[in-house]
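Here are some exercises to help you find your way around a new structure. Try each task with the model open, then read the worked solution.

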Amino acid sequence: MTPDLLLLFATSVEASPLKCRMEKVVRSVYSIGIERFSGQIDQTRLDLLVTGAGGFNAAHALTAYLEILDNPSRPPLIAQAGIAGVFKLSGLGLGDVALATSDTYIHTGVADGDTVLPNPLPLDIITGMPETRSGTYACHPTLTEKMAQQLKQIRNNQKRYLGPFIT
């Protein structure tokens, strides 16, 4: 079954609210220890992938998932979900939604005592995107806005944040 959506979560706790709503759930564990839950909510077919915390674990788990599935079985939409290390100052709580317009990786770089060198880097990490010199990566604006509009239609009683993230 080709999923309509793949959602990545750092922990099983973060995935559990959706997992509890899923029907026909099948649990798989890859040889590298990554858990995948396949099922559906209403007519939407989902795969939930528990990756472990951090960007490196997420990248590793997603790569393993995509390599295991053959091309026709790959989902058309992939998203990261969970608590996302939300800060109390954000005012967001359980069930609220935050969508990134950009993501800045604040814990990477070269450090020399109290100074991070160089800031910004002397070259674009992604050619033609100078903001990547400072570790900032723009999210696809059309897809982000489309997702924001779809979420408004689904639940109107939750807080929403649409803007820059830090990782």
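One thing before you start: this is a predicted model.

**Exercise 1. Lys24 and Asp42**

Task: Work out whether Lys24 is buried or exposed, and find where Asp42 lies.

Solution:
- Step 1. Begin with Lys24, whose relative accessible area is 65%. Exposed means over 50%, so Lys24 is exposed.
- Step 2. Now place Lys24 in the chain: it belongs to strand S2 (residues 23-29).
- Step 3. Check the backbone. Lys24 is not a glycine, and yet its phi is positive, about 55°.
- Step 4. Turn to Asp42, which sits in the loop between strand S3 (35-41) and strand S4 (44-50). Asp42 also has a positive phi of about 55° without being a glycine.
- Step 5. With a relative accessibility of 55%, Asp42 counts as exposed too.

**Exercise 2. Two hairpins around S3**

Task: Say how S3 pairs with S2 and with S4, and look at what comes between the strands.

Solution:
- Step 1. Take S2 and S3: they run antiparallel and are joined by five bridges.
- Step 2. Pick out some pairs across that join. Val29 is opposite Glu35 in S3, and Ser28 has Arg36 as its bridge partner.
- Step 3. Look at the connection. The S2 and S3 hairpin has five residues between the strands, and Gly33 there has a positive phi near 90°.
- Step 4. Move on to S3 and S4, an antiparallel pair with seven bridges. Here Arg36 turns up again, standing opposite Leu49 in S4.
- Step 5. The S3 and S4 hairpin has two residues between its strands, and Asp42, with its positive phi of about 55°, is in the turn.

**Exercise 3. How covered is S3?**

Task: Find how many residues of S3 are buried, and sort them by the way they point.

Solution:
- Step 1. Count the buried residues: seven of the seven in S3, so the strand is mostly covered by the under 20% cut-off.
- Step 2. Sort them. Glu35, Phe37, Gly39 and Ile41 point one way, while Arg36, Ser38 and Gln40 point the other way.
- Step 3. Put the two together: both sets are buried.

**Exercise 4. The two sides of helix H2**

Task: Check the length of helix H2 (residues 55-68), then work out which of its residues are buried and which are exposed.

Solution:
- Step 1. Do the length check. At 1.5 Å a residue, the 14 residues of H2 should span 20 Å, and the end C-alpha atoms are 20 Å apart, which agrees.
- Step 2. List the buried residues of H2: Ala58, Ala61, Ala64 and Tyr65. They take up an arc of only 135° around the axis, which means they are on the same side of H2.
- Step 3. Go round to the other side of H2, where Phe56 and Glu67 are exposed.
- Step 4. Ask what lies over the buried residues. The cover includes strand S1 (5-9), S3, S4 and strand S5 (78-80).

**Exercise 5. Nonpolar cores**

Task: Find which residues make up the largest nonpolar core.

Solution:
- Step 1. Recall a broad pattern: in soluble globular proteins, nonpolar side chains tend to be buried together.
- Step 2. Collect the members. The largest core has ten residues: Leu5, Leu7, Phe9, Ala15, Met22, Phe37, Ile41, Leu46, Leu48 and Val50. S1, S3 and S4 each give two or more residues to this core.
- Step 3. Zoom in on Leu7. Beyond its neighbours within four places in sequence, Leu7 touches Leu18, Asp47, Leu48, Leu49, Ala79 and Ala81.
- Step 4. Look for another core. A second, separate one has eight residues, among them Leu6, Ile34, Ala64 and Tyr65.

**Exercise 6. The three-stranded sheet and Thr144**

Task: Say which strands stand at the edges of the open sheet, then find what Thr144 contacts.

Solution:
- Step 1. Read off the order, S9-S6-S10, with mixed pairing.
- Step 2. Strand S9 (136-138) and strand S10 (160-166) each have a single partner strand, so these two are the edges, with one side left without a neighbour in the sheet. On average, neighbouring strands here are turned by 40° against each other, direction ignored.
- Step 3. Strand S6 (residues 97-104) and S10 run parallel, joined by seven bridges. Leu99 has Leu162 in S10 as its bridge partner.
- Step 4. Find Thr144 in helix H3 (residues 141-154). Its relative accessible area is 13%, so Thr144 is buried.
- Step 5. Setting aside neighbours within four places in sequence, Thr144 contacts Leu99, Ala100, Cys139 and Leu162. Two of these names, Leu99 and Leu162, are the bridge partners from Step 3.

How values were computed. Residues are numbered from 1 along each chain as its sequence is written. This is a predicted model: local features need pLDDT of at least 70, side-chain atom pairs count only at pLDDT 80 or more; totals for chains, interfaces and linings use all residues. Side-chain values use heavy atoms; hydrogens and water are left out. Helices (H or I, at least four residues) and strands (E, at least two) are DSSP runs, numbered from the N terminus. Buried means under 20% relative accessible area, exposed over 50%, partly exposed in between (1.4 Å probe, protein chains only). Contact means heavy atoms within 4.5 Å. Two strands pair if DSSP finds at least two bridges between them. Axes are lines fitted to C-alpha atoms, for helices over the stretch in contact, and angles run from 0 to 180 degrees between N-to-C directions. The expected span of a helix is 1.5 Å times one less than its number of residues. The arc is that of the directions from the helix axis to the C-beta atoms. A nonpolar core is a set of buried Ala, Val, Leu, Ile, Met, Phe, Trp, Tyr and Cys residues joined through side-chain atoms within 4.5 Å.
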